[in-house]
Amino acid sequence: MWYGMFTVARTTSQKKHMSLRVAASLSEQLDHLARRRGLSRNELAERYLAEGISQDEFPQIYFREGALGRRAALSGTRLDVWQILETVRNHGNSVEEAAAYLDLPAERVRAAVRYAAAHQEEIDEIAERERSDAARAEEIWRAGQTLLSS
C-alpha cells in the first residue's frame with residue numbers, strides 16, 4: 001500500500017511496531033480525520049508520517065487529494081509531479097524546454113523530476129491511472145456524441 005508517494009509495507013511481517021505519545025487533542029483530531037476519510041487511525045498516521053518524511057527530503061513537493069487519490073504536486077502550482085514528468089518526456093527529456101513550456105524555472109522542474117526518480121513506481125502508477133481515466137472519459141463522451149447524432 002502507498003500513501004502519497006511513499007511505499008508502505010504491504011504485509012504485516014514487513015511492518016515494525018512503533019508507539020509514540022502525542023497530545024490528547026492531536027489524537028482526537030487524528031481519530032476524527034481518519035473516520036471522515038474512511039481510514040484507520042494507523043493508516044492515516046502512517047500516511048502523514050510518510051508524507052512528512054517526503055516533504056522534508058523534497059521541500060518543493062506537497063501532497064493533494066484528487067478524484068483518483070492522493071498524489072504529489074509541485075508547491076506553488078497545481079501541477080502534479082506525474083504531469084511535469086510527462087511534459088519533460090514530451091519535450092525530448094529536456095528539462096529546460098519543459099520548464100519554458102510550463103513557464104516555470106528549470107530548477108523547479110528538476111525538483112519534480114528528482115522526486116519522480118526517487119518514487120518512480122508510484123509516479124508511473126498514478127500517471128497510468130490518470131491516462132486510463134482520461135481515456136474512459138473520452139470513450140463516454142464519444143458514445144454520447146454518437147447517441148446525440150442518431
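Visitor: Which residues have the most contacts inside the largest nonpolar core?
Guide: This is a predicted model. Its largest nonpolar core has 22 residues. Those with the most contacts inside it are Ile61, Ala72, Val81, Ile84, Val109, Tyr115 and Ile123.

Visitor: Which elements supply at least two residues of this core?
Guide: Two strands and four helices do. The strands are β3 (61-66) and β4 (69-74). The helices are α3 (81-90), α4 (95-102), α5 (106-118) and α6 (120-149).

Visitor: Where does the largest share come from?
Guide: From α3, with five residues of the core.

Visitor: What's the general idea with nonpolar side chains?
Guide: In soluble globular proteins, they tend to be buried together.

Visitor: Back to α3. How many of its ten residues are buried?
Guide: Seven of the ten, so α3 is largely enclosed by the rest of the structure.

Visitor: Which ones are they?
Guide: The buried residues of α3 are Val81, Trp82, Ile84, Leu85, Glu86, Thr87 and Val88.

Visitor: And what do the buried residues of α3 pack against?
Guide: Strands β3 and β4, plus helices α4, α5 and α6.

Visitor: Let's pick one core residue. What does valine 109 touch?
Guide: Valine 109 touches Ile84, Val88, Val95, Ala99, Leu102 and Leu104. That leaves out residues up to four places away in sequence. Ile84 and Val88 are also among the buried residues of α3.

Visitor: What about arginine 89, is it buried or exposed?
Guide: In between. Arginine 89 is partly exposed, because its relative accessible area is 40% and the partly exposed class lies between 20% and 50%. It is found in helix α3.

Visitor: How far apart are the C-alpha atoms of arginine 89 and glutamate 28?
Guide: They are separated by 44 Å. Along the chain, the two residues are 61 apart.

Visitor: New topic. How many helices and strands are there?
Guide: The chain has six helices and four strands. From the N terminus on, the order is β-β-α-α-β-β-α-α-α-α.

Visitor: Is the chain spread out or compact?
Guide: More spread out than a compact globule. The radius of gyration is 19 Å, and the globule rule gives 15 Å for 150 residues. Along its principal axes, the C-alpha trace spans about 60 × 45 × 30 Å.

Visitor: What percentage of the residues count as buried?
Guide: Of the 150 residues, 33% count as buried.

Visitor: And how much area does the chain expose?
Guide: About 9900 Å². Carbon and sulfur atoms supply 52% of that area.

Visitor: What about contacts between residues at least 24 apart?
Guide: Take the contacts between residues at least 6 apart in sequence. Of these, 48% join residues at least 24 apart.

Visitor: How many positive and negative side chains are there?
Guide: There are 21 positive and 23 negative ones. The centres of the two sets lie 6 Å apart.

Visitor: Now the backbone. What's usual for phi?
Guide: Most residues other than glycine have a negative phi.

Visitor: Which residue just after α3 takes a positive phi?
Guide: Glycine 92, at about 60°. Asparagine 93 also has a positive phi of about 60°, although it is not a glycine.

Visitor: Where is asparagine 93, and is it buried or exposed?
Guide: Asparagine 93 lies in the loop between α3 and α4. It counts as exposed, at 57% relative accessibility.

Visitor: What about phi of aspartate 103?
Guide: It is near 60°, a positive value in a residue other than glycine. Aspartate 103 is found in the loop between α4 and α5. It counts as exposed, at 69% relative accessibility.

Visitor: One more loop. Where is phenylalanine 58?
Guide: In the loop between α2 (41-57) and β3.

Visitor: Is phenylalanine 58 buried or exposed?
Guide: Buried, with a relative accessible area of 12%. The cut-off is under 20%, so phenylalanine 58 falls within that class.

Visitor: What is phenylalanine 58 in contact with?
Guide: Arg114, Tyr115, Ala118 and His119, leaving aside neighbours within four places in sequence. Tyr115 also appears among the core residues with the most contacts.

Visitor: Last one. Where is glutamate 125?
Guide: In helix α6. Glutamate 125 is partly exposed, with a relative accessible area of 29%. Its C-alpha atom and that of isoleucine 61 are separated by 18 Å.

Conventions: Residues numbered from 1 in each chain as written. Predicted model: local features only at pLDDT ≥ 70, side-chain atom pairs only at ≥ 80, totals over all residues. Heavy atoms only, no water. Core = buried A, V, L, I, M, F, W, Y, C linked by side-chain atoms within 4.5 Å. Buried < 20%, exposed > 50% of the residue type's maximum accessible area, 1.4 Å probe, protein only. Contact = heavy atoms within 4.5 Å. Rg over C-alpha atoms; globule rule 2.2 N^0.38 Å. Areas by Shrake-Rupley, 256 points an atom, 1.4 Å probe, with all protein chains shown as cover. Lys, Arg positive; Asp, Glu negative; His and termini not counted. Charge placed at Lys NZ, Arg CZ, Asp CG, Glu CD.
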